[in-house]
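Morning, everyone. I have one structure to walk you through today. Please have a look at it, and then I'll start with a helix.

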Amino acid sequence: MPTVGITDLKDGDFLLGVREDDEWQAGHAEGALHIPISEFVARYGELTAAAPQDGRVHVICRSGGRSAQVTMYLVQQGIDAVNVDGGMQIWQDAGRPVVTDDGKPGFVL
């Protein structure tokens, strides 16, 4: 499975968050697109509309398990997708910003 580490991500990389709504509300990576894994197949069109046409989709969850499932699905659909190793836990531990929907500091639930 294609995987990248938090340190491999650059500003402007397209990030897809697949945690559930309560986790997202507590805190998420700024600028990420949010489609919970429980709604992913039904909302797949939102991803294809928002993702860069020839770019990579970086998929992130809390620790990497759910994002791995979504990454495998996307790769099977022919999309250049990678799982973000360690997820939002490592994101937060690395000092990357975690925000709420109103831009205030958040936390990883």
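Let's begin with helix H3 and what packs over it. The buried residues of H3 are covered by elements that include E2, H2, E4 and strand E5, residues 81-84. One caution before I go on: this is a predicted model.

So which residues of H3 are buried? They are Ser 67, Ala 68, Val 70, Thr 71 and Leu 74. Look down the axis of H3. Those buried residues fall within an arc of 165°, so they line one face of the helix. As for length, H3 has twelve residues. From first C-alpha to last, H3 reaches 17 Å, close to the 16 Å expected at 1.5 Å a residue. Just after H3 comes Gly 78, with a positive phi of about 85°.

Take Val 70 from that buried face. Setting aside residues up to four places away in sequence, Val 70 touches Leu 16, Val 18, Ile 37, Phe 40 and Val 59.

That brings us to the cores. The largest nonpolar core has 15 residues. Which of its members touch the most others? Leu 16, Phe 40, Leu 47, Val 57, Val 59, Val 70 and Leu 74. Strand E2 (14-17), helix H2 (44-50), E4 and helix H3 (65-76) each supply at least two residues of this core. There is also a second, separate core, with 14 residues. Among them are Leu 9, Trp 24, Val 82 and Trp 91. As a general point, nonpolar side chains in soluble globular proteins tend to be buried together.

Now the sheet. It is open, and it has five strands. The order is E1-E5-E4-E2-E3, and the pairing is parallel. Which strands sit at the edges? Strand E1 (3-4) and strand E3 (33-34), each pairing on one side only.

Stay with E5 for a moment. Two bridges join E1 to E5. Thr 3 stands opposite Asn 83, and Val 4 stands opposite Val 84. Three bridges join E4 to E5, again running parallel. In E5, Asn 83 is the bridge partner of Val 59. Both faces of E5 are covered. Ala 81 and Asn 83 are buried on one side, and Val 82 and Val 84 are buried on the other.

Next, a polar residue in E4. His 58 is in that strand, which spans residues 57-60. Is His 58 buried or exposed? The cut-off for buried is under 20% relative accessible area. His 58 has 7% relative accessibility, so it counts as buried. What does its side chain reach? The backbone oxygen of Phe 14, at 3.0 Å. Leave aside neighbours within four places in sequence, and His 58 is in contact with Val 4, Leu 9, Asp 13, Phe 14, Leu 15, Leu 16, Val 82 and Val 84. Leu 9 and Val 82 on that list are also in the second core.

Last stop, Thr 48 in helix H2. Thr 48 is at 38% relative accessibility, so it counts as partly exposed. A polar atom of the Thr 48 side chain lies 3.0 Å from the backbone oxygen of Gly 45. And how far is Thr 48 from Ile 79 in space? C-alpha to C-alpha, 9.2 Å, with their positions 31 residues apart in sequence counted as separation.

That's my tour. Over to you.

Notes
Residues numbered from 1 in each chain as written. Predicted model: local features only at pLDDT ≥ 70, side-chain atom pairs only at ≥ 80, totals over all residues. Heavy atoms only, no water. Helix = DSSP H or I, 4+ residues; strand = E, 2+ residues; numbered from the N terminus. Buried < 20%, exposed > 50% of the residue type's maximum accessible area, 1.4 Å probe, protein only. Polar contact = N/O pair within 3.5 Å; in protein donor to acceptor, adjacent residues only side chain to side chain. Contact = heavy atoms within 4.5 Å. Core = buried A, V, L, I, M, F, W, Y, C linked by side-chain atoms within 4.5 Å. Expected span 1.5 Å × (residues − 1). Arc of directions from axis to C-beta. Pairing = 2+ DSSP bridges.
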